[in-house]
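Subject: Structure handover and findings

Dear colleague,

Please find below the structure that I am handing over to you. My findings follow it, and I would ask you to read them with the structure open beside you.

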Amino acid sequence: MRINESVYSTLLDRSLRLGIADIVEKIGNGLRLSVKDGLRLYACPDVNFVGSIADWVSRDKNGEVVTYILNRYLNYSNVCILSCQFCAFYRRNGQQGAFTHSIEELVKETEDAAAKGATEVHCVGGLHPKLPYSYYLDLIRAIKEKLPQIMIKAFTAVEIIHLAKRIAKKSIQEVLVDLASAGLDSLTGGGAEIFDPEIRKRICAGKESADEWLEVHRQWHNLKKKSTATMLFGHVETLAHRVDHLSRLRELQDETKGFCAFIPFAFEPENTKLGNIKKATSIDFLKTIAFSRLFLDNFDHITAYWISSGMAVAELALNYGADDLHGTIEKERIFHMAGSKTPPGQTVATLRKTIENAGKIPIRRDTYYRKLEPSSFLPAKV
Ligand code: SF4
């Protein structure tokens with residue numbers, strides 16, 4: 001790590017007072033944090049200190065660069081057979097507010113996004129009981145046929161399991177191969193929530209287990225494809241559940257190296273069945289970004305999801321370990337139906353200004369986090 005000696009000894013001095021000197025030393029020596037270390041570090045009350053260490057690690061990995069993407073969100077349908085406690089998006093088939101878009105409508109949306117410079121569509125929906133398997137494959141094919149330059153990031157692990165078990169009646173691997181052949185570039189990281197089985201029972205009974213979520217991503221990575229990983233925090237979980245969640249992601253990343261990035265987001269309680277819970281604070285968000293950067297030593301990128309945190313806190317997160325500000329995100333619906341007060345999208349100018357205000361260098365990226373613009377400020381290994 002490129003921390004010079006005097007800075008390093010100042011950090012060590014402060015870490016002694018906080019009782020985490022051994023952990024900071026481990027980080028300084030490039031050693032992996034154990035789950036026990038993780039619990040102590042996450043519980044450290046000095047968010048600025050943990051953030052400053054995370055920023056050093058982030059700079060070591062990615063220099064001064066913060067990436068962003070031009071993308072549009074497509075929700076093909078909100079019809080779902082499940083009723084996750086934290087979800088304000090789903091409706092039953094035929095219920096007021098339920099929608100299902102035709103393939104033509106979704107291709108048109110993608111054309112509109114591409115005309116405005118988007119390089120990605122991000123497409124998820126509920127677990128629709130009736131849409132045929134061909135709808136999903138034809139959707140991917142139709143977008144790729146019209147707009148081969150657009151990368152498609154679509155479907156959460158639970159949608160893949162739903163397709164495999166209930167709709168196509170095929171194995172997960174067969175479904176993933178079909179989708180990859182149709183042109184799917186990346187799975188989304190959604191649906192991971194918190195992996196602990198007791199927490200899943202309380203907030204998303206009926207959803208896939210942690211092992212199933214991880215297995216879908218494992219099999220996708222084995223096809224030489226990429227995905228992202230997420231965590232939904234700030235509901236009924238403890239810090240120990242969060243550390244366990246990250247630990248399981250880290251294990252799979254050791255095995256497959258298929259995750260491009262980790263994206264933590266805070267639960268939006270307002271229009272959900274857990275509306276009595278207070279939304280996680282900005283400090284919790286920043287600490288989670290910083291902790292993720294330090295604990296997930298095998299992840300190249302940590303993304304600040306402004307839809308969840310708001311733009312001001314996302315800007316701060318860029319100096320707390322995040323090196324990606326996710327994206328123009330036109331037409332986001334899932335967080336907004338749950339009560340998010342952030343705008344439904346951002347302009348490129350706002351993203352770039354936000355990154356510059358954080359003292360970093362904005363660079364556009366693609367779905368696989370590959371930089372789409374040259375920069376003379378990148379460290380040699382990037
Ligand atoms: S989170 Fe997904 S699976 Fe759960 S109810 Fe909402 S749309 Fe359905």
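**A partly exposed loop residue**

D297 is partly exposed, because 16 other C-beta atoms lie within 10 Å of its own, and a residue counts as partly exposed between the limits of 12 or fewer for exposed and 20 or more for buried. Please bear in mind throughout that this is a predicted model. D297 sits in the loop that links α12 (282–295) to β8 (301–305). Its C-alpha atom is 6.8 Å from that of R32, although 265 residues separate D297 and R32 in sequence.

**The strand that follows**

The loop of D297 leads to β8. Is β8 enclosed or open? β8 is largely enclosed by the rest of the structure, because 5 of its 5 residues are buried. On one side of β8 are H301, T303 and Y305, on the other I302 and A304, and both faces are covered. Strand β7 (residues 259–266) runs parallel to β8 and is joined to it by 2 bridges. One residue to look up is F262, whose bridge partner in β8 is I302.

**Two residues with a positive phi**

F155 is not a glycine, yet it has a positive phi of about 70°. K224 is likewise not a glycine and has a positive phi of about 70°. F155 belongs to the loop between β4 (151–154) and α7 (157–168), while K224 belongs to the loop between α10 (210–222) and β6 (226–233). Are these residues buried or exposed? F155 is buried, because 28 other C-beta atoms lie within 10 Å of its own. K224 is exposed, because its count within 10 Å is 9 other C-beta atoms.

**The two domains**

The domain assignment divides the protein into domain 1 (5–60) and domain 2 (64–364). Their C-alpha centres are 29 Å apart. How many residues of domain 1 are in contact with domain 2? There are 18 of them, and they touch 19 residues of domain 2. On the domain 1 side, α3 (35–42) and α4 (47–62) are the elements that give two or more residues. The most come from α4, with 9 residues. Sorted by class, this side of domain 1 has 12 nonpolar, 3 polar and 3 charged residues.

**A second parallel pair of strands**

Strand β1 (residues 65–68) has V65 and T67 pointing one way and V66 and Y68 pointing the other, and all of them are buried. β1 runs parallel to strand β10 (residues 361–364), and 4 bridges join the two. In β10, P362 is the bridge partner of V66.

**The surroundings of the ligand**

Which residues surround the ligand? They are C80, L82, S83, C84, C87, F89, Y90, G126, L127, V158, C204 and K207. By class, this shell has 9 nonpolar, 2 polar and 1 charged residues.

**Confidence in the model**

The average pLDDT of the protein is 93, and 96% of the residues score at least 70. Over residues 376–382, however, pLDDT stays under 50, and the model has 10 contacts for this stretch beyond four places in sequence. Where pLDDT is low, the predicted coordinates should not be read in detail.

Yours sincerely

Methods: Residues are numbered from 1 along each chain as its sequence is written. This is a predicted model: local features need pLDDT of at least 70, side-chain atom pairs count only at pLDDT 80 or more; totals for chains, interfaces and linings use all residues. Domain bounds come from an automatic or database domain assignment. Two residues are in contact if their C-beta atoms, placed from the backbone, lie within 7 Å. Ala, Val, Leu, Ile, Met, Phe, Trp, Tyr, Cys and Pro count as nonpolar, Asp, Glu, Lys and Arg as charged, and the others, Gly among them, as polar. Two strands pair if DSSP finds at least two bridges between them. pLDDT is the predictor's confidence in each residue, from 0 to 100. A residue is near a molecule or strand if its C-beta atom, placed from the backbone, lies within 6 Å of it.
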